[in-house]
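The following note sets out several points for consideration by a colleague reading the structure. It proceeds from single residues to the sheet, the helix and the core.

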Amino acid sequence: MVEVGLRHTSELTVTEAVTAERMGSGDMPVLATPAMMALMENAAMLAVANHLPEGCTTVGGHISSSHLRPSKIGDVVRAEAEVTRVEGRKIEFKVAAYSGNVVLGEGTHLRFIVDREKFLSKL
């Protein structure tokens, strides 16, 4: 059962593959905003993954985040997600990304619980 307070932390080391230059979201060799937000989504997904009904998963519905500071290649970035509200299939999260104790970005994320097979059958 998904409950308020569930948390997870995901980490990545900034490599060339996740830079703004490589991902096309900018032209500098720093962590791309889309990569930071994907890490936040990953933390949220994993926060609830073991608490879902059999055959279910979650899909992202919305994410809103600041990106306040750059991260260079080699930096370790961690994203934290915490469930703040559960309403039926809708799960809201508080998300934040850090390098050490420095906040890189923070915001909110919305995910929906879906039946995996039913969801894929709509493709």
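1. Glu 92 belongs to strand β4 of what is a predicted model. Because its relative accessibility is 25%, above the 20% under which a residue is called buried, Glu 92 counts as partly exposed. Beyond its neighbours within four places in sequence, Glu 92 is in contact with Glu 82, Val 83, Thr 84 and Arg 85, and also with His 109 and Leu 110. Its C-alpha lies 8.8 Å from that of Phe 112, a residue 20 places away in sequence.

2. Strand β4, residues 90-99, runs antiparallel to strand β3, residues 76-87, and nine bridges join the two. Within this pairing, Lys 94 of β4 has Glu 82 opposite, and Tyr 98 of β4 has Arg 78 opposite. The two strands form a hairpin with two residues between them. In that turn, Gly 88 has a positive phi of about 65°.

3. The wider arrangement is an open sheet of five strands in the order β1-β3-β4-β5-β2, with antiparallel pairing. Its edge strands are β1 (7-13) and β2 (56-65), each of which pairs on one side only. From one strand to the next, the twist averages 25°.

4. Edge strand β1 and strand β3 run antiparallel and are joined by seven bridges. One residue of β1 can be followed across this pairing: Leu 12 has Val 77 of β3 as its bridge partner. Leaving aside neighbours within four places in sequence, Val 77 is in contact with Ser 10, Glu 11, Leu 12 and Val 14, with Leu 31 and Leu 39, and with Ser 71, Ala 97, Tyr 98 and Leu 104.

5. Glu 80 is also a residue of strand β3. Its contacts, not counting residues up to four places away in sequence, are Arg 7, His 8, Thr 9, Ala 43, Lys 94, Val 95, Ala 96 and Tyr 98. The side chains of Glu 80 and Arg 78 make a polar contact at 3.1 Å. Although 69 residues separate Glu 80 from Glu 11 in sequence, their C-alpha atoms are 8.9 Å apart in space.

6. At the other edge of the sheet, Thr 57 lies in strand β2. Because its relative accessibility is 17%, Thr 57 counts as buried. Apart from residues up to four places away in sequence, Thr 57 touches Leu 52, Phe 112, Ile 113, Val 114 and Arg 116.

7. Which helix packs on the sheet? Helix α2, residues 33-48, does so, touching β1, β2, β3, β4 and β5 (102-115). The direction of α2 makes about 50° with that of β3. With 16 residues, α2 reaches 24 Å from its first C-alpha to its last, close to the 22 Å expected at 1.5 Å a residue.

8. Which residues of α2 are buried? They are Ala 35, Met 36, Met 37, Leu 39, Met 40, Ala 43, Ala 44, Ala 47 and Val 48. The buried residues of this helix pack against all five strands, β1, β2, β3, β4 and β5, and also against α1 (20-23). Two of these residues have already appeared above: Leu 39 is in contact with Val 77, and Ala 43 is touched by Glu 80.

9. The largest nonpolar core has 29 residues. The residues with the most contacts inside this core are Val 2, Leu 31, Met 36, Val 48, Val 77, Ile 91 and Phe 93. The elements that give two or more residues to the core are α2, β3, β4 and β5. Helix α2 provides the largest share, nine residues.

Note on methods
Residues numbered from 1 in each chain as written. Predicted model: local features only at pLDDT ≥ 70, side-chain atom pairs only at ≥ 80, totals over all residues. Heavy atoms only, no water. Pairing = 2+ DSSP bridges. Helix = DSSP H or I, 4+ residues; strand = E, 2+ residues; numbered from the N terminus. Axes fitted to C-alpha atoms, helices over the stretch in contact; angles between N-to-C directions. Contact = heavy atoms within 4.5 Å. Polar contact = N/O pair within 3.5 Å; in protein donor to acceptor, adjacent residues only side chain to side chain. Core = buried A, V, L, I, M, F, W, Y, C linked by side-chain atoms within 4.5 Å. Buried < 20%, exposed > 50% of the residue type's maximum accessible area, 1.4 Å probe, protein only. Expected span 1.5 Å × (residues − 1).
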